[in-house]
Amino acid sequence: MTDTTPAIMRGIGVAMKHLSERQHVVAQNIANGDTPGYKAREVTAPSFAGMVDAAGGPHVARPTVQISSAMKALGATQRTGGNVVLDENVTETKPDGNNVTLEEQVMKLGSIQADFTALTNLYRKQMQLLKTATGRGNG
């Protein structure tokens with residue numbers, strides 16, 4: 001998208017890309033549902049600070065948390081770069097170490113589909129508003 005693209009359209013594009021990545025990762029989780037030792041993965045949500053920076057607004061510093069030794073002792077881990085992380089919201093781990101639950105993954109797919117449908121409808125409405133504003137709408 002170009003610099004003349006309205007911010008809401010760029011935001012919809014970022015959200016749709018995120019949903020596409022999530023769908024890919026959830027499909028990988030399902031495909032590895034019987035792989036011993038496989039850990040379910042998830043995609044981190046887009047950074048609000050990144051969206052503001054991309055829109056040309058003032059720089060917003062993303063807060064960081066330094067993990068102390070006491071936090072590490074409780075099981076906390078420092079997140080590294082990248083969008084794909086281990087899913088922390090799993091309900092069970094099988095004896096072989098695999099923690100993918102098919103039902104949870106299918107529920108995520110349903111949520112992704114619903115979100116994508118909502119974004120598609122929002123995109124269509126925005127396009128219609130733009131067409132109306134430029135005199136190209138059907139009325």
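Against which helix and which strand do the buried residues of H4 pack? In this predicted model, the partners are helix H1 (7-31) and strand S1 (41-43). The overall fold is described before these contacts are taken up in detail.

The protein chain contains four helices and two strands. Along the sequence these elements follow the pattern α-β-α-α-β-α. Of the 139 residues, 23% count as buried. The accessible surface of the chain comes to about 9,800 Å². Carbon and sulfur atoms account for 59% of that surface. Contacts between residues at least 6 apart in sequence were also examined. Of these, 64% join residues at least 24 apart.

Helix H4 covers residues 102-133, a run of 32 residues. At 1.5 Å a residue, H4 should span 46 Å. The C-alpha atoms at its ends lie 46 Å apart, so the expected and modelled spans agree. Buried positions in H4 are Glu104, Gln105, Lys108, Ile112, Leu119, Thr120 and Gln126. It is these buried residues that pack against H1 and S1. After H4 comes Gly135, which has a positive phi near 80°.

The largest nonpolar core consists of seven residues. Its members are Met9, Ile12, Met16, Leu19, Val26, Ile112 and Leu119. Both H1 and H4 supply at least two residues of this core. H1 gives the most, with five residues. In soluble globular proteins, nonpolar side chains tend to be buried together. Ile112 and Leu119 appear among the buried residues of H4 and also belong to the core. Val26, another core member, touches several residues beyond its neighbours within four places in sequence. These contacts are Gln105, Lys108, Leu109 and Ile112. Of the residues touched by Val26, Ile112 is itself listed in the core, while Gln105 and Lys108 are buried residues of H4.

A further buried site lies outside the helices and strands. Asn99 sits in the loop between strand S2 (84-86) and H4. Its relative accessible area is 8%; the residue therefore counts as buried, the cut-off being under 20%. The Asn99 side chain reaches the backbone nitrogen of Ala40 at 2.6 Å. Beyond neighbours within four places in sequence, Asn99 is in contact with Tyr38, Lys39 and Ala40, and also with Val90, Glu92 and Thr93. Ala40 thus figures both in the side-chain-to-backbone approach and in the contact list of Asn99, a buried loop residue.

How values were computed:
Residues are numbered from 1 along each chain as its sequence is written. This is a predicted model: local features need pLDDT of at least 70, side-chain atom pairs count only at pLDDT 80 or more; totals for chains, interfaces and linings use all residues. Side-chain values use heavy atoms; hydrogens and water are left out. Buried means under 20% relative accessible area, exposed over 50%, partly exposed in between (1.4 Å probe, protein chains only). Contact means heavy atoms within 4.5 Å. Accessible areas come from the Shrake-Rupley method with a 1.4 Å probe; for residues, only the protein chains shown count as cover. The expected span of a helix is 1.5 Å times one less than its number of residues. A nonpolar core is a set of buried Ala, Val, Leu, Ile, Met, Phe, Trp, Tyr and Cys residues joined through side-chain atoms within 4.5 Å. A polar contact is a pair of N or O atoms within 3.5 Å; within protein, one must be able to donate a hydrogen and the other to accept it, and residues adjacent in sequence count only if both atoms are side-chain atoms.
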